[in-house]
Amino acid sequence: MADETPPRRLSRDMRSALIAGVKKATASPSGLLGGILGAGRKKAPGFEDLPGFEAIRLQQSLAGKIGIPVPFYRLHEARAGTETVVEGRPAVNFTSYDYLGLNGHPRIVAAVAEAAAQWGTSVSASRLTSGERSVHRELEGELASLYGAEDALLFVSGHATNVTTIGTMMGEGDLVIHDSLSHNSIVVGAQLSGAHRVNFPHNDIEALDRLLGQLRGQFRHCLIVTEGLFSMDGDGPDLARLVEVKNSHSAWLMVDEAHSLGVLGKTGRGLFEHAGVDPREVDIWMGTLSKTLVSCGGYIAGPRALIDFLKYRAPGMVYSVGIPATATVASLTALDLMLSEPERVALLQANGGYFLNKARAAGLDVGDSWGLAVTPVILGDSLQTVMLSERLLERGYATVPVLPPGVPEKAARIRFFISSGHTQAQIDGVIDTLVGERAQLSRSGVTLASIAKNTILQRLQALEEDE
């Protein structure tokens with residue numbers, strides 16, 4: 001027989017309390033309802049937990065405390081060249097890689113417009129499938145001819161060119177040995193490959209020779225990687241000696257020409273022309289299209305067997321969209337202008353030498369720069385470097401500070417990128433301004449160490465007051 005006892009009714013207060021509890025549980029994932037629905041699930045960590053995030057926030061906070069903006073990702077409101085507008089302020093530009101002043105050249109603009117009308121703005125697929133266009137092959141032919149190579153291959157990204165080339169051709173049982181100041185893309189490519197990776201002291205070819213004497217016999221293939229012109233220091237290697245070392249150890253030699261094409265050599269052909277070495281002595285030439293060639297992308301020039309291998313095996317080629325025809329034509333036209341107007345290269349080299357000599361005469365530390373397109377002014381203290389760069393911008397000169405870990409500790413610097421378009425008056429102006437502002441900063445005594453010390457003392461004082 002069923003129990004006919006009427007159900008017990010909740011009092012008004014109990015009902016109100018229950019409704020409030022349910023609402024609270026529903027509103028919070030950590031409440032009762034959230035616990036039931038999320039049983040067995042852990043809350044996803046925030047992106048603030050990513051390694052390095054706290055360091056970024058600390059740098060931004062430090063900039064705020066001393067009253068200067070973060071000096072990176074600043075908005076430029078003009079075409080990249082010798083002059084710019086940074087967040088509304090006109091400035092002479094020493095941050096651009098437009099070494100030969102070709103960005104916006106009328107011939108290039110016209111060629112790009114014609115290419116856009118014919119091909120559109122994208123090839124819309126990987127070249128392996130349906131992205132191949134005649135202009136790709138034309139530029140690759142010109143680049144191969146430049147280096148006396150059998151063939152060349154274009155990639156849609158300069159960074160990815162190194163990563164996917166080194167990462168694909170090298171593997172377990174191989175050795176990649178590179179200059180200690182090599183670009184991140186070289187390091188990442190070596191890491192991705194799974195090969196044993198070693199670096200040798202910057203531009204120390206004798207140390208490289210000794211390391212290869214110790215290691216070479218343990219590995220199947222060996223790849224030596226260096227740069228034609230180092231973007232942080234403005235110097236480069238002894239190519240003739242490198243060729244000797246790679247031949248004596250049965251190794252491949254790869255040279256990254258990102259900053260040396262259009263800069264080194266009488267006609268801008270790069271490190272081999274500068275050094276008087278047959279370019280065919282180097283196994284792999286790598287370069288980018290984004291600097292002298294005023295476009296975007298990268299290339300490899302070398303033996304046809306290597307190019308064929310990369311065409312079908314390199315993920316950055318096989319699984320990535322082909323470079324747009326417009327970008328390809330821009331570089332093709334820029335390369336022709338570089339070769340047909342060598343006076344641009346001569347003017348760039350004269351400007352670079354003028355900057356270097358004036359900076360040295362002013363007592364500035366320019367390291368071992370060759371005085372061509374890239375010259376650093378090494379200041380040491382990171383805070384003073386940032387503050388000095390900001391003061392230069394206030395005075396009409398756009399520069400970018402380079403801080404650790406991009407460079408070694410106590411080697412913070414401002415890099416100056418010189419082009420054929422800079423005038424001696426602009427170079428005089430920025431160096432004179434830098435020297436004057438630096439002297440004022442030095443007298444102020446403001447350094448990263450002093451700020452850190454004051455911050456620690458303030459923290460200790462606050463703790464004492466709390467007690």
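**The enclosed cavity and a three-stranded sheet**

In this predicted model, the largest cavity is lined by Arg127, Leu154, Phe155, Val156, Gly316, Met317, Ser320, Val321, Gly322 and Ile323. Strand E3 (151-155) and helix H13 (315-318) are the elements that give two or more residues to that lining.

User: Why is this space called a cavity and not a pocket?

Analyst: Because a 1.4 Å probe fits there but cannot get out. A pocket would be an open set of points. The largest cavity holds about 50 Å³ of space. The count at 30 Å³ or more is one.

User: What makes Arg127 a lining residue of the largest cavity?

Analyst: A lining residue has an atom within 4 Å of a cavity point. Arg127 is listed in the lining, so it meets that cut-off.

User: What classes of residue make up the lining?

Analyst: Six are nonpolar, three are polar and one is charged. Arg counts as charged, so Arg127 is the charged one. Gly counts as polar, so Gly316 and Gly322 fall in the polar class.

User: How do you know that strand E2 pairs with E11?

Analyst: Pairing needs at least two bridges. Two bridges join E2 (residues 89-93) to E11, so the pair qualifies. These strands run parallel. Val92 stands opposite Tyr397 in E11.

User: Why are E1 and E11 called edge strands?

Analyst: Because strand E1 (83-86) and strand E11 (397-398) each pair on one side only. The open sheet has the order E1-E2-E11, with mixed pairing.

User: Which helix lies across E1, E2 and E11?

Analyst: Helix H16 (residues 382-394) does, running at about 110° to E2.

Definitions and conventions: Residues are numbered from 1 along each chain as its sequence is written. This is a predicted model: local features need pLDDT of at least 70, side-chain atom pairs count only at pLDDT 80 or more; totals for chains, interfaces and linings use all residues. Side-chain values use heavy atoms; hydrogens and water are left out. Helices (H or I, at least four residues) and strands (E, at least two) are DSSP runs, numbered from the N terminus. Contact means heavy atoms within 4.5 Å. Axes are lines fitted to C-alpha atoms, for helices over the stretch in contact, and angles run from 0 to 180 degrees between N-to-C directions. On a 1 Å grid over the protein atoms alone, a cavity is a set of points where a 1.4 Å probe fits but cannot get out, and a pocket is an open set with protein on both sides within 12 Å along at least five of seven lines; lining residues have an atom within 4 Å of a point. Grid points are joined across faces, edges and corners, and a volume is the space filled by probe spheres set on the points.
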